[in-house]
Each structure stands twice: as structure tokens, then as C-alpha cells.
Amino acid sequence: MKGIILAGGAGSRLFPLTLVASKQLQSVFDKPMVYYPLTTLIENGVREFCLISTPQDLPHFQQLLGNGRAWGISVEYREQSRPQGIAQAFLIADSFVGNDSVTLILGDNIFYGGDSFQQAFAEFQDGATIFGYHVQDPERYGVVEFDEKWHAISLEEKPKQPRSNYAVPGLYLYDNQVVSIAKNLKPSARGELEITHVNLEYLKRRQLRVRRLGRGFAWLDAGTSSSLHDASAYVQTIETRQGTKIGCPEEAAFRRGFLSLAQMEVVTAQIPDCEYRDYCNNVVAEAKRPR
């Protein structure tokens, strides 16, 4: 399965921070925001990536991530000259997706906890898999409605009167039909190619699976100044209490087997002397301990 990270948009909700750097390059505690979605996909076995961003921001992402080889992955880059909805990503990345299945993750979404994603990726074969997360303010998101057996029966984008409290987070798994579905979409009243309309087409075809994320799972949308601060505080609390990092692509690549222990040592040695390097050194040291 290939992975798309959508890191475009105007970033207007984070003004004036985004005058300095793209939203997805802002810091969430001790790492750039984009490290978190990247790590989520690496943890779930994705090795081929396409990052989509604005023409002015792409050079900064390229400087940060390079071609991905240091982490045992590959990263390509595509321009989104004008944001026209999440589903536009499949049109931009058409040649990247090719004949493969694909997962799309939003560059400002941070996930932590549980094994729902691991199960979803491991069990995915065809159709589409999305997720449902209970929120207090569903009107801000795409909302999924369930029947009494927890089967999805409707989806609606930012409804004024939500039919449930289950929002759809920014991580989606699709088979190769998604490209042709996206190509046949018409812009919504907002002038965007809505990802909800993609999911509705899969629902219409009876090929949509919705997995509910439990109470032990955290979904943070770091798209506003307040939520960015909250996400940083959350990450700091977890990392300080547990002594493990969230959103560390080096560690994720090593634990997934994309990097050998020797390669992990080389990658760590190239990091400047800082707390982040200390952590990676601890990962190496732990791996060397006799079992």
C-alpha cells in the first residue's frame, strides 16, 4: 500500500505563524508536525510516500524529509497550486498511486494509542476503510451515522444538525478504485472535491468499512493555534511520563524492520547532539541489551 500525506492548504487558521512556515512544519512539542502522520504510516508498513503541498512550501519539506532513504522509505513530492478539497490529492498523485491501493493521511492530524490502525492495515484487502471517533463538536467534521448494529448508513460533511457524534478523522484506506472515483467527482457547494463524497460512493457500492476508535485512542487535529498548543502539551505529557516518543520516524522505521540495527546507529550518529539524538541512542542501546 502506498501513502499520501496531504500537507497543503493556506493555513489561514494558524495566521500569522504560517507567514513563517507551513502549518505542517510548525512544531508539535519537539518535532515538526509532519513527523507525526509520517510516523503513523511507517508504523503500519507504508514505505512509498507522496507528499503534496504548495509550490512555495515543497522545498522546505524536501529539505526536511529528503528522499526518505535514511529511514528506509521513499518520498516523492507533488504540487498543489490551489487547494480544492482533500479528494484532489488523488488527482495530483494519480501517477504515484498507479495500480496500487493507497492510504491518505492529513498532515495536521496526530494519532496515538490502541491497535485499531494496525488491525485495519493488516486486514485491508479492497474497498475502503475509514474510522469513526466520538467528539463533542461533530459539526466541524465529516460525520458518520450508524445503525443499531454499528453499520455505517450515512455520511455528511460538516452538518448543521449532525446525526451522530462520530467524526471521521483524517486517515483513509482505499483500493485502486479511488482514483477513478475522484476523477468523476463534481465540486461541492464549497467548490471542493469532498473526501466525504468519495466515501459515500464506496458506501453506495457496499464497499465501505468504518472502524470505531475506542476511548484509549487519541486524535488531535492541530489546525488552529489553540489545538496546536493542546497537541504539544499532550505529546509532552505522554513522552515525559512514559519515556517514549510519539512521531519519531527513525524509531518507527527501525521497529518496522525498514532499518537494521547498524543502519539505525548510522542514522542516529548523523543527528546533532540534542535530546532527540539521546532518545534514538537509547532505542539503539535497548535493542543491544541481552534478552
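Guide: Before we look at how the helices meet, note that a helix axis here is a line fitted to C-alpha atoms over the stretch in contact, and that an angle between axes runs from 0 to 180 degrees between N-to-C directions. Keep in mind as well that this is a predicted model.

Visitor: How many helices and strands does the protein chain have?

Guide: The protein chain contains both kinds of element, and several of them will return below by number. Counted along the chain, there are 11 helices and 14 strands.

Visitor: What radius of gyration does the protein chain have, and why does it agree with that of a compact globule?

Guide: The C-alpha trace spans about 50 × 40 × 40 Å along its principal axes, and 52% of the 291 residues count as buried. For a chain of 291 residues, a compact globule would have a radius of gyration near 19 Å, so the value for this protein chain agrees with it, being 19 Å.

Visitor: Among contacts between residues at least 6 apart in sequence, what percentage join residues at least 24 apart?

Guide: This question sets aside pairs that are less than 6 apart in sequence and asks about the contacts that remain. Of these contacts in the protein chain, the share that joins residues at least 24 apart is 72%.

Visitor: How many of the eight residues of helix 9 are buried?

Guide: Helix 9 covers residues 249-256, and it is largely enclosed by the rest of the structure because most of its residues are buried. The buried ones are Pro249, Glu250, Glu251, Ala252, Ala253 and Phe254, which makes the number out of eight equal to six.

Visitor: Which helices do the buried residues of helix 9 pack against?

Guide: Two of these partners follow helix 9 in the numbering from the N terminus, while another is the helix at residues 35-43. Named together, the partners of the buried residues are helix 1, helix 10 and helix 11.

Visitor: Are helix 1 and helix 9 roughly parallel or antiparallel to each other?

Guide: The axes of helix 1 and helix 9 come within 9 Å and cross at roughly 5 degrees. In their contact, Tyr35, Leu38, Thr39, Ile42 and Glu43 of helix 1 meet Pro249, Ala252, Ala253 and Arg256 of helix 9, and by class these are six nonpolar, one polar and two charged residues. Since angles under 35 degrees form one class, the crossing angle therefore makes the two helices roughly parallel.

Visitor: Are helix 9 and helix 10 roughly parallel or antiparallel to each other?

Guide: The axes of helix 9 and helix 10 come within 10 Å and cross at roughly 170 degrees. Here Glu250, Glu251 and Phe254 of helix 9 meet Leu261, Met264 and Val267 of helix 10, a contact with four nonpolar, no polar and two charged residues. The angle lies over the cut-off of 145 degrees, and the two helices are therefore roughly antiparallel.

Visitor: In what kind of crossing, left-handed or right-handed, does helix 10 pass helix 11?

Guide: The axes of helix 10 (residues 261-269) and helix 11 (residues 275-288) come within 9 Å and cross at roughly 160 degrees, and the two helices are therefore roughly antiparallel. Residues in this contact include Leu261 and Met264 of helix 10 and Cys280 and Val284 of helix 11, and by class the contact has seven nonpolar, two polar and three charged residues. As for its hand, the crossing is left-handed.

Visitor: Which residue just after helix 9 takes a positive phi?

Guide: Its phi is about 90 degrees, and the place to look is just past the end of helix 9. The residue there is Gly257.

Visitor: Does Phe29 count as buried, partly exposed or exposed?

Guide: Phe29 lies in the loop between strand 2 and strand 3, and its phi is near 55 degrees, a positive value in a residue other than glycine. Its relative accessibility is 32%, which means that Phe29 counts as partly exposed.

Visitor: What is the value of omega at the cis peptide bond that joins Phe15 and Pro16?

Guide: Pro16 lies in the loop between strand 1 and strand 2, and the bond that joins Phe15 to Pro16 is a cis peptide bond. Its omega is about 5 degrees.

Definitions and conventions: Residues numbered from 1 in each chain as written. Predicted model: local features only at pLDDT ≥ 70, side-chain atom pairs only at ≥ 80, totals over all residues. Heavy atoms only, no water. Helix = DSSP H or I, 4+ residues; strand = E, 2+ residues; numbered from the N terminus. Parallel < 35°, antiparallel > 145°, perpendicular 65-115°, else oblique. Left-handed = near helix turned anticlockwise from the far one by under 90°. Contact = heavy atoms within 4.5 Å. Nonpolar A, V, L, I, M, F, W, Y, C, P; charged D, E, K, R; others polar. Rg over C-alpha atoms; globule rule 2.2 N^0.38 Å. Buried < 20%, exposed > 50% of the residue type's maximum accessible area, 1.4 Å probe, protein only.
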